[in-house]
Amino acid sequence: GYALWMRYVPVEPALAATYRAQLSDIVAPDATPTQRAARAELERGLAGLLGTAPPMHAEATQQYAVVLGTPASSPLLAPLHSEIASLGPEGYLLKRVQRDGRSVLVVAGQRDIGVLYGVFHLLRLLQTGASLDALDVHESPRVHLRVLDHWDNLDGHVERGYAGRSLWDWQSLPEWKDPRYTDYARANASLGINGTVLNNVNASAWSLAPAYLDKAAALAEVFRPYGIRLYLSARFSAPIELGGLKTADPLDPGVQRWWRDKVNEIYARIPDFGGFLVKANSEGQPGPQDYGRSHADGANLLADALAPHGGVVMWRAFVYAHDVPADRATQAFTEFAGLDGAFRPNVIVQVKNGPIDFQPREPFHGLFGAMPRTPLMMEFQLTKEYLGFNTHLVYLGPLFEEVLRSDTHARGKGSTVAKLVDGSLEGHTLTGMAGVANIGNDRTWTGSHFDQANWYAFGRLAWNPHQSARDIAADWAAMTFSPDPTVVQPIVAMMMASREAAVNYMTPLGLHHLMARGHHYGPGPWVDGGPRPDWTSVYYHRADRNGIGFDRNASGSNAVAQYAPELAAQYGDLTKVPEPLLLWFHHVPWNHRMASGRTLWDELVTRYSLGVKQVQEMQRQWSTLTDPPEVERGSAPLPSPIDPQRSAQITAFLRIQRREAQWWRDASIAYFQSINDLPLPAGEAPPP
Ligand code: GCW
């Protein structure tokens, strides 16, 4: 699993012959580190896919069939100058052109990084068995900051990480640059990810100390040729902890000077440093409110220090109070919406996809659409904190797609979250998407083979948030396992059903945060004697003898008012709210009639059981690949298209998921039954 989706295994012989003829003799510059990275990737890819890499030349030859480069690096591309310039600094084209009476394949960008992206695109076409006959691809990213957020601590522990320890070996840096850092950069560049935040948002001030900046600078050197800028999470109180100041008040001139000096110190080591990510006044983290100042005051302090260098501040809107909130789902909106327009131009507010916390299903966050003058950046979580960690197969593509396609109605119908994130709705040029990384030092990188797909899907959607999760899954499956449709189809079917399965066996019909307290693995819908009422699931599901669900209407917390009027009307109306969000917005009697004709209670039980069945179906689909049926009586079984190493882990993990889906169903049903005393619908097995 180490090679991720960049396996470059031999393509089928007839196709290889066609590709070999089309890709013979390549002209590619090799003067800069990025040019060399593009060349090396192409050589490596073609050697693997086609058996041998065609000859590569720095200058044009008689017989060249492929040209890589920019108008500046290759005179052969000068005629395409304006077409290439229109693609922007990170864009590329893959195109057939006529040169000297023959057809030549061009992989070109305005800058070297575009060419590297183009090479990865070309390799993807080969890996998925696509035709190169009439290529005419023009690509540029729709989103500028495409960033992985690592929640990695300096001691190597990854908060909410299920893939081993941190990839960054702080102890041996800066002297030792593990080759794995380069593979990490290759994987990200293959998707167009162009930024990485090295350290946890629950940040240690020490990550800004000189010794750690030297280590970070060494990583930045590895990442630079791959177009990846480095960012750091900044602890708001660092001026006190590192600088010995008495305060971190953003309006204090001494504090302002400290941050300016610190930022200068960083840029002296890392000239292309991206900027800071900040979690402030949330879950005990220090912040501007400690001094009676606002989030805008705090963000602007850092933004002013970064502005002369072109750096940005990604200021998180995830704020979770010390005291017990009336409705946790409303807090970020309450604190941030009124600050619209108060942030410096180099601040982007980073908002989680939903108003609670990365649940299997949430409505989109009400801040999307409510702060038109402020660039908002999407934060998705790739590490599956609330979705079964690394053992449950849950492809997050459909979750991301559902959020991005949600209509905020901010500027009338069709104002999707994707259009806010790509800046097109409000005309913002500072745009971004962050994914909380699921990466560690596990051999598979992500703790399981299928979790690689979540890294992959995030990267592809950050490049273009309008893409389809299914298409992305198909590419991933072809590159990771085999382009053979008989392999891709069942894998894509498993992936596409997997998120809904998890919603069903964990939190159906708009339920949320029913996971066991603290670690968030497995069911815990009951009161568990925790220190705060909002740290137990009963705060969220509010089940009693009569009904279940969180009333977020005017009669309750009125969270619906944080959405556009059309949506507030829909979500607030029991007859119009989409059933998948029913119990998110309403407290509903157990005997409420659902669209299926069942009562709410019967529907809930049915959903829990359906989740288990969906996992069984995933197991069945997987087994068709690992135990292909005997062709006819007496004949030997066909060889499995999946190698035994990967198939063994996937099979075992599916077995765990099947058992734990059952655990979720049984525990949840038993618990709710203890409250409502209702019988199970006919045919439903009672929990043991
Ligand atoms: O989901 C919660 C996690 C915390 C995390 C926090 C956040 C980094 O349980 O571990 O802290 O969100 O997003 O800040």
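Two residues are taken to be in contact when heavy atoms lie within 4.5 Å. The structure described here is a predicted model, and the account below moves from single buried residues to the ligand site, the internal cavities and the backbone.

Arg361 is placed in the loop that runs between β12 (347-352) and β13 (376-381). Beyond its neighbours within four places in sequence, Arg361 is in contact with Glu402, Arg499, Glu500, Val503, Pro580, Leu581 and Trp584. Two of these contacts can be described further. The side chains of Arg361 and Glu402 are joined by a polar contact of 2.8 Å, and a polar contact of 2.9 Å links the side chain of Arg361 to that of Glu500. Arg361 has a relative accessible area of 8% and is therefore buried, the limit for that class being under 20%.

The surroundings of the ligand comprise 15 residues, of which Glu159, Lys279, Arg316, Asp357 and Glu385 come nearest. For Glu159, an N or O atom of the side chain is 2.4 Å from an oxygen atom of the ligand. Lys279 places a polar side-chain atom 2.6 Å from an oxygen atom of the ligand. In the case of Asn202, the distance between a polar side-chain atom and an oxygen atom of the ligand is 3.2 Å.

Empty space inside the protein was examined next. Rolling a probe the size of a water molecule over the atoms shows where such space is left. Across the whole structure, the search finds ten cavities of 30 Å³ or more. The largest cavity holds about 100 Å³ of space. Its lining is formed by 14 residues, and Phe318, Val319, Ala332, Pro355 and His365 are those that lie nearest the centre of the cavity. Among the secondary-structure elements, α10 (331-336) and β12 each contribute at least two residues to the lining of the largest cavity. Sorted by class, this lining consists of nine nonpolar, three polar and two charged residues.

Val319, one of the residues nearest the centre of the largest cavity, is also touched by Asn281. Asn281 is found in the loop between β10 (275-278) and α9 (295-306). When residues up to four places away in sequence are not counted, Asn281 touches Pro286, Gly287, Pro288, Gln289, Asp290 and His295 in addition to Val319. With a relative accessible area of 13%, Asn281 is buried.

A further buried position is Leu132, in the loop between α4 (112-127) and β6 (136-139). The relative accessibility of Leu132 is 1%, so this residue counts as buried. Setting aside residues up to four places away in sequence, Leu132 touches Tyr19, Gln22, Leu23, Arg96, Leu122, Leu125 and Leu126. Between Leu132 and Pro589, which are 457 residues apart in sequence, the distance in space is 59 Å from C-alpha to C-alpha.

Several features of the backbone occur in loops. Leu173 and Pro174 are joined by a cis peptide bond, with omega of about 0 degrees. Pro174 belongs to the loop between β7 (145-149) and α5 (179-191), and Arg160 is also located between β7 and α5. Although Arg160 is not a glycine, its phi is positive, at about 55 degrees. Arg160 is partly exposed, having a relative accessible area of 25%. A positive phi, of about 50 degrees, is likewise found at Phe389, which is not a glycine. Phe389 occupies the loop between β13 and α11 (397-404). The relative accessible area of Phe389 is 16%, and the residue is therefore buried.

Gly244 provides an example of an exposed position. This glycine lies in the loop between α7 (238-241) and α8 (253-269). Gly244 has a relative accessibility of 58% and so counts as exposed, a class that requires a value over 50%. Along the chain, Gly244 and Asn300 are 56 residues apart, and their C-alpha atoms are separated by 22 Å.

Conventions:
Residues numbered from 1 in each chain as written. Predicted model: local features only at pLDDT ≥ 70, side-chain atom pairs only at ≥ 80, totals over all residues. Heavy atoms only, no water. Helix = DSSP H or I, 4+ residues; strand = E, 2+ residues; numbered from the N terminus. Buried < 20%, exposed > 50% of the residue type's maximum accessible area, 1.4 Å probe, protein only. Polar contact = N/O pair within 3.5 Å; in protein donor to acceptor, adjacent residues only side chain to side chain. 1 Å grid on protein atoms, 1.4 Å probe; cavity = no way out; pocket = protein on both sides within 12 Å on 5 of 7 lines; lining within 4 Å. Points joined across faces, edges and corners; volume = space filled by probe spheres on them. Nonpolar A, V, L, I, M, F, W, Y, C, P; charged D, E, K, R; others polar. Near = heavy atom within 4 Å.
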